[in-house]
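Hi everyone, thanks for coming along. Let me put a structure up on the screen, and then I'll walk you through it.

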Amino acid sequence: MQLNDLRPNKGAKKARKRIGRGNASGHGTTAGRGTKGQLSRSGGGKGAGFEGGQQPLAMRLPKLPGFKNRNRVEYAPVNVSRLEAKFNDGDVVDTQSLVAAGIIKRDYVLVKVLGDGELTKKLTVKVDKVSPAAKAKIEAAGGKVELPC
């Protein structure tokens, strides 16, 4: 047997029905669409989302005002009271140390330190953002804030 001897099985290949190619074909004139009516017309039929005359879902749902800002930057908030509880005097507070302390879950999130609570320990804070109140409390305790450029 050679490659050129291969043939599909008898009856495995069937010719496609060619409609609208004259009455001699048996599928001429109306081309299998019947006579008149919505489905016989070009572009006929119901549109996508048509629900049999019932009000479509897209029209039933409320139209909400406003928009979502695609450029919004989310920060994980951390209060100075959490830093007071979890860190020792002289520690460096960065994303890795916050993950190790269990304050945030992932080291790739952006962190902002907020000023809720009291701080008595001298800490070096290296995070993405610090609120003015938190910065004042950190510096009043003898620590320093190092922000990325």
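**Sheet, core and salt bridges**

Let's begin with one pair of residues: lysine 112 has lysine 129, in β5, as its bridge partner. Please keep in mind throughout that this is a predicted model.

Now, what joins β3 to β5? Two bridges do, and the strands run parallel. Stepping back, we have an open sheet of three strands, in the order β1-β3-β5, with parallel pairing. At the edges sit β1 and β5 (129–130), each of which pairs on one side only.

On to the core. The largest nonpolar core contains 19 residues, and Leu83, Leu98, Val113, Val125, Val130 and Ile138 have the most contacts inside it. Which elements give two or more residues to this core? They are β1 (76–79), α2 (80–86), β3 (111–114) and α4 (132–140). As general background, nonpolar side chains tend to be buried together in soluble globular proteins.

Val113 is a nice residue to click on. Leaving aside neighbours within four places in sequence, valine 113 touches Val78, Val80, Leu83, Val125, Val127, Lys129, Val130, Ser131, Ala134 and Ile138. So you'll find Lys129, the bridge partner of lysine 112, on that contact list as well.

Next, a residue from the segment before α1 (57–60), namely serine 40. Buried or exposed, would you say, for serine 40? Serine 40 is buried, because its relative accessible area is 18% and the cut-off for buried is under 20%. A polar atom of its side chain lies 2.8 Å from the backbone oxygen of glycine 37. Beyond the neighbours within four places in sequence, serine 40 is in contact with Arg33 and Gly34.

Last topic: charges. How many salt bridges does a search of the whole structure find? Four.

- Glutamate 51 pairs with arginine 60, with the closest N and O atoms 3.2 Å apart. Glutamate 51 is partly exposed at 30% relative accessibility, and arginine 60 is partly exposed too, at 43%.
- Glutamate 74 pairs with arginine 72, where the closest N and O atoms are 2.8 Å apart. Both of these residues, glutamate 74 and arginine 72, are exposed.
- Glutamate 146 meets lysine 144 at 3.5 Å, N to O. Salt bridges with shared partners join Lys126, Lys144 and Glu146 into one network. Within that network, glutamate 146 is partly exposed at 31% relative accessibility, as is lysine 144 at 46%.

That's my tour. Happy to rotate things for anyone!

Technical notes: Residues are numbered from 1 along each chain as its sequence is written. This is a predicted model: local features need pLDDT of at least 70, side-chain atom pairs count only at pLDDT 80 or more; totals for chains, interfaces and linings use all residues. Side-chain values use heavy atoms; hydrogens and water are left out. A nonpolar core is a set of buried Ala, Val, Leu, Ile, Met, Phe, Trp, Tyr and Cys residues joined through side-chain atoms within 4.5 Å. Buried means under 20% relative accessible area, exposed over 50%, partly exposed in between (1.4 Å probe, protein chains only). Helices (H or I, at least four residues) and strands (E, at least two) are DSSP runs, numbered from the N terminus. Contact means heavy atoms within 4.5 Å. A polar contact is a pair of N or O atoms within 3.5 Å; within protein, one must be able to donate a hydrogen and the other to accept it, and residues adjacent in sequence count only if both atoms are side-chain atoms. Two strands pair if DSSP finds at least two bridges between them. A salt bridge is a side-chain nitrogen of Lys or Arg within 4 Å of a carboxyl oxygen of Asp or Glu.
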